[in-house]
Amino acid sequence: MLPSELTERRFHVDRAAIRRYADVTQDYNPIHLDPEFAAKTPMGGVIAHGMLSLSLLWQSLAATFGLERMTGIALEIRFLRPVREDDWVVAGGNRADSSNRYDVWVRADGRDRSETVIAGTATLREPPVSPAISASNS
Amino acid sequence: MKTFDVLQAGSLLGEHRFVFDEAALGEWTTLFPEDAGCPVMPPAMLAMVVMRAFISIMRDRPPGNVHAGQQFELLRLPVLNERLVTRLRCQSKDLRNGRRWVTFNSETSDDGGELRFSGVMTTLWAA
């Protein structure tokens, strides 16, 4: 039986985390790292890598279903809004219907806001049919 | 410079190799310590593999691109010391309302050629 909600995961996106994510992905775009540069862009300040917040969604899925059920999973998301330095991000989701599909989201909680920054769906592959069930159906 | 005009839908842009080993996992767990000791590649590390490939292959991209959306399909999580190769293609490009939409397709396989995971990155291309 699939759960109705994903296990939520929280993460503090501080400057050190953004820097570490730049190092692991080798994405040193100054909009993530240089406050002076970022202030002059339409974003008006430093924003975190979108994939950093998406990582938290993977953490939520793995915490809910375990690594074995990650096989065959399909994830489709849109980046809706930027995550700012010092935001807390929370990832989770809800089962969409009786299928294996979940509506997933990442929310940013800042000093003066709480808003969805990533939204999409995660679809699990059907679990393998055990030999016992297969035999009883044949 | 890989501008919108230069990119060709369907073209292979390049490939990038990555080894999922203790060193890579160690880098990752500086960010997410809870993934330490994971018997396979933590699922969130897909982004590390794909973004390293994208950054390396598209190093002469115009500045200011926006990552608007992402799809992933995970077929099997790599095991420790598995060698991976990611091939990046320009899947499509489309000019809509003055905005340059470019999608990139990534396919990451083991060194035997078996697909491990794939992705589609949707971007607003800056120039």
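These are my notebook entries on strands, a helix and the chain contact in a predicted model.

**Entry 1: the sheet in chain B.** I began with strand E3 of chain B, residues 82-96. Strand E1 of chain B, residues 12-20, runs antiparallel to E3(B) and is joined to it by 8 bridges. I looked up one pair in this ladder and found B:Phe18 bridged to B:Leu84. I then turned to strand E4 of chain B, residues 99-110, which is also antiparallel to E3(B), with 12 bridges between them. Here B:Leu84 stands opposite B:Asp110. I note that B:Leu84 therefore has B:Phe18 as a bridge partner in E1(B) and faces B:Asp110 in E4(B).

**Entry 2: the turn.** I checked how E3(B) passes into E4(B). The two strands form a hairpin, and 2 residues lie between them. One residue in the turn, B:Asn97, has a positive phi of about 50°.

**Entry 3: helix H2 of chain B.** I compared the length of this helix, residues 46-57, with its expected span. Its 12 residues, at 1.5 Å a residue, should span 16 Å, and the end C-alpha atoms are 17 Å apart, which agrees. Next I asked how enclosed the helix is. I counted 9 of its 12 residues as buried, so H2(B) is largely enclosed by the rest of the structure. Among the buried residues I listed B:Leu46, B:Met48, B:Val50, B:Phe54 and B:Ile57.

**Entry 4: the contact between chains.** I looked up which residues take part. Chain A gives 26 residues and chain B gives 24. On the chain A side, helix H1 (15-25), helix H4 (50-65) and strand E2 (74-79) each supply at least two residues. H4(A) has the largest share, 8 residues. By type, I have 15 nonpolar, 7 polar and 4 charged residues on the side of chain A that touches chain B.

**Entry 5: strand pairing across the chains.** I followed E2(A) into chain B. It pairs with strand E2 of chain B, residues 66-74, in the antiparallel sense over 5 bridges. In this pairing A:Leu75 has B:Phe72 as its bridge partner.

**Entry 6: strand E1 of chain A.** I sorted residues 9-13 by face. A:Arg9, A:Phe11 and A:Val13 make up the covered face, while A:Arg10 and A:His12 are on the uncovered one. E1(A) runs antiparallel to strand E3 of chain A, residues 87-95, and 5 bridges join the two. I closed with A:His12, whose bridge partner in E3(A) is A:Trp88.

Key. Residues are numbered from 1 along each chain as its sequence is written. Chains are lettered from A and ligands numbered from 1 in the order in which they are written. This is a predicted model: local features need pLDDT of at least 70, side-chain atom pairs count only at pLDDT 80 or more; totals for chains, interfaces and linings use all residues. Two strands pair if DSSP finds at least two bridges between them. Helices (H or I, at least four residues) and strands (E, at least two) are DSSP runs, numbered from the N terminus. The expected span of a helix is 1.5 Å times one less than its number of residues. A residue is buried if 20 or more other C-beta atoms lie within 10 Å of its own, exposed if 12 or fewer, and partly exposed in between; C-beta atoms are placed from the backbone. Two residues are in contact if their C-beta atoms, placed from the backbone, lie within 7 Å. Ala, Val, Leu, Ile, Met, Phe, Trp, Tyr, Cys and Pro count as nonpolar, Asp, Glu, Lys and Arg as charged, and the others, Gly among them, as polar.
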